[in-house]
Amino acid sequence: MEPRRRVRSFVRRAGRVTSAQARALAELWPRFGVETPEGQLDLQALFGRDAPRICEVGFGDGQALAELALRQPESDFIGIEVHEPGIGHLLLNIERHGLQNVRIIRHDATDVLESWLPTGSLDRVHVFFPDPWPKKRHHKRRLIQPDFIGSLARAIRPGGILHMATDWEPYAEQMRDVADASAQFDNLSGAGCYSGDRADRPETKFERRGLRLGHEVRDLLYRRRAG
Ligand SMILES: C[S@@+](CC[C@H](N)C(=O)[O-])C[C@H]1O[C@@H](n2cnc3c(N)ncnc32)[C@H](O)[C@@H]1O
């Protein structure tokens with residue numbers, strides 16, 4: 001029997017890769033891109049050091065990730081994205097700022113969080129403005145579901161942080177309800193509440209779009225429980 005295909009949280013958009021992005025993809029991917037591992041990733045070998053590790057899921061154009069990587073040279077950043085122009089855009093920023101502490105995974109984040117990353121290997125995960133999939137028949141495509149929260153709990157070390165944000169109120173409620181229901185996370189703002197604090201999150205492209213549309217932005221901060 002064929003294995004059941006997972007419902008994807010993205011559709012592969014063609015998207016135009018500019019010539020600068022195409023050059024960055026050709027020249028810089030071998031240095032900063034991560035290929036599918038045989039088993040799990042060896043993060044120590046990937047970065048050549050042991051440092052706090054921050055992972056951003058669905059980084060879009062990578063502007064927020066690059067900004068944080070520039071501000072925090074003492075930390076290592078793993079970006080996961082499937083959209084080629086966004087990856088090219090981040091590679092250009094890596095080059096422009098001479099960033100050494102960023103690696104990029106071009107693959108479905110559900111697989112990466114479920115099995116590529118070693119257990120407890122991340123200090124922090126960012127999921128900023130994941131696709132809201134507003135239509136009811138598409139809700140199953142939303143990334144933040146109980147199974148994905150379980151994968152995040154596996155990959156984040158005890159005491160580590162999960163930071164999510166969205167401008168789509170019904171999705172904010174889903175994120176809060178699913179993460180609050182997990183026995184592996186504590187809501188830093190108290191069960192049922194959103195964070196009044198965006199922590200160190202830079203403004204993102206998708207956030208600006210939401211603000212232009214008059215949407216309210218919600219930040220959600222959780223700590224991975226011990227054990
Ligand atoms: C709405 S955009 C937000 C991008 C960015 N975080 C921002 O705030 O501007 C969501 C991004 O997540 C990516 N994405 C969605 N599902 C993904 C998955 N399963 N694995 C990796 N990337 C994914 C999409 O390609 C898209 O670029």
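How do the residues of the shell around the ligand divide into nonpolar, polar and charged? The split is 8 nonpolar, 6 polar and 6 charged, where Ala, Val, Leu, Ile, Met, Phe, Trp, Tyr, Cys and Pro count as nonpolar, Asp, Glu, Lys and Arg as charged, and the others, Gly among them, as polar.

Before going further, keep in mind that this is a predicted model, with local features needing pLDDT of at least 70 and side-chain atom pairs pLDDT 80 or more, while totals for chains, interfaces and linings use all residues. Numbering runs from 1 along each chain as its sequence is written, and side-chain values use heavy atoms, leaving out hydrogens and water.

Now zoom in on the ligand. Of the 20 residues around it, Ser9, Glu81, Asp108, Phe128 and Thr204 come nearest (a residue is near if one of its heavy atoms lies within 4 Å). Ser9 puts a polar side-chain atom 2.7 Å from a ligand nitrogen, and Glu81 has a polar side-chain atom 2.5 Å from a ligand oxygen. Phe128 joins in through its backbone, with a polar atom 2.8 Å from a nitrogen of the ligand. On its own the ligand has 600 Å² of accessible area, and the protein covers 94% of that (Shrake-Rupley method, 1.4 Å probe).

Next, take a look at Ser195, in the loop between β7 (185-187) and α8 (205-212); helices (H or I, at least four residues) and strands (E, at least two) are DSSP runs, numbered from the N terminus. Ser195 counts as buried because its relative accessibility is 14%, and buried means under 20% relative accessible area (1.4 Å probe, protein chains only). A polar atom of the Ser195 side chain lies 2.8 Å from the backbone oxygen of Asp197.

Notes: Polar contact = N/O pair within 3.5 Å; in protein donor to acceptor, adjacent residues only side chain to side chain. Buried < 20%, exposed > 50% of the residue type's maximum accessible area, 1.4 Å probe, protein only.
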